[in-house]
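This report covers a few backbone features and one set of paired strands. The sequence and structure are shown first.

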Amino acid sequence: MGATDILEARTARAQLIQANRDAPAFVTLKANMPGKEKVNGEERFVVLLFKALLRTLYQTDFHIQTTADGHLAYARLNKPASEVKRMSSWLEATHPIGRLVDIDVHQNGRTLHRTHKRHCMVCGGDVHTCRREARHSLEALGRHYKREVHNFFKHALAREAIKALRKELFTYPCYGLVSHKSSGIHRDMNVSHFLHAFPLLEDAFKEYIGMALNGKDTLEALRKRGQMHEARIFEGVGRNTHKGAHFLFGLVLTHFTRSVFNGGDFDSFLDELKARGKTIESHDFSHKKTPASTGEKAYQVNQIRGVRGEVSDGFPSIFSWWKPATRHWHGFYKLTHIMARLEDTTLYKRGTLENVKETLKETDILACDMENLNFTLRKASPGGAADLLGVLYFFESTGYLLNMSP
Ligand SMILES: [Zn+2]
């Protein structure tokens, strides 16, 4: 896109501001992207991130447009403009990547001034001096921008994954799983083992996301680093607390990262993940191979595909029932819905898979008494379903970055 397109986009933005001059506060949000390349995955991420933050703060949906000048989000707010400007200035000044976004507040068609001074994003000096003296090339500014975005993204996404796993651990009732309330049927593990594993897992996740950002997330490389981290976690915790979740999140996080920065949406993300799942299945379930895990053995004996099948088929145990309205359900219902649909190799190991699934299919889960159902199935520990519940929690909190419905 050329300079004329960018100028036209800016004129259209000015017209939009004038058209909304009657709003108490009209807010526009754009990435503060240096250089000629105004539309890319990094600026889109910045806009989607701050759009979600503002949506939470003001309970208002922002519209979004893709223009030659980058993504533009905007909304009319029924609040005093000066108050909104104070909040947006505070966000720009204190958020780890607030320097990379422009949140403008307009009143009567005029743009309110910032209450804080902005510093140069590269050297932290006076931004006007750096600009006047051309202290940084456009290329250097662009590189810096991407680096800052990637660095923030890596830490934030790994943290979201851990938050999702923590939420899953604290979901109760949960049949015979380990939770903060009890160890369920597990005599060798309790909540402290799981909590202890989180920082180690977070390090692993950060590394996988970094590999995806650098285009180095081949299956072979991920497997190698995955084994290293698995050994490290086992050494640190003394238990295999997150074997399934580690495998799932390794795949989900790397593909999620690629999709965010390639401008993908949730559907294209799932398609790419499915393709990778199929490659893994054909490798791990090869009949020439001696089974290396419960999952591989279950497949060879009974064709139970477990979490690998879930990845290849795009998480049918979640997306065959999940819709935005179910977001507010109690975690127990979500867990039960997944359990009723998943070929869970953990349950298979205990010989209870068919019993459990039949019971759940016959039960109107939302109408049933949670404690009672939990008591009936207290000897089942649906480990695979728990891992998928963690994945679902992760999608619920981060799906907006791929335009998944709110
Ligand atoms: Zn500077």
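Does Phe315 count as buried or exposed, judged by its C-beta neighbours inside 10 Å? The model is a predicted one. Phe315 has 25 C-beta neighbours inside 10 Å and therefore counts as buried, the cut-off being 20 or more. Phe315 sits in the loop between α11 (306-312) and α12 (316-319). Its phi is positive, about 55 degrees, although Phe315 is not a glycine.

Ala134 also carries a positive phi without being a glycine, with a value near 45 degrees. Ala134 belongs to the loop between α4 (127-132) and α5. Ala134 has 8 C-beta neighbours inside 10 Å and so counts as exposed.

Another backbone feature is found in the loop between α5 (138-169) and α6 (191-213), where Pro173 is placed. The peptide bond joining Tyr172 and Pro173 is cis, with omega about 0 degrees.

Strand β3 (residues 70-77) pairs with β1 and is also joined to β2. The pairings are listed below.

| Strand | Partner | Sense | Bridges | Opposite residues |
|---|---|---|---|---|
| β1 (residues 25-31) | β3 | antiparallel | six bridges | Val27 and Ala75 |
| β2 (residues 63-67) | β3 | antiparallel | five bridges | Gln65 and Leu72 |

The connection from β2 to β3 is a hairpin of two residues. How many of the eight residues of β3 are buried? Seven of them are, which leaves the strand mostly covered. In a regular strand, side chains alternate between the two faces of the sheet.

Definitions and conventions. Residues numbered from 1 in each chain as written. Predicted model: local features only at pLDDT ≥ 70, side-chain atom pairs only at ≥ 80, totals over all residues. Helix = DSSP H or I, 4+ residues; strand = E, 2+ residues; numbered from the N terminus. Buried ≥ 20, exposed ≤ 12 C-beta atoms within 10 Å, placed from the backbone. Pairing = 2+ DSSP bridges.
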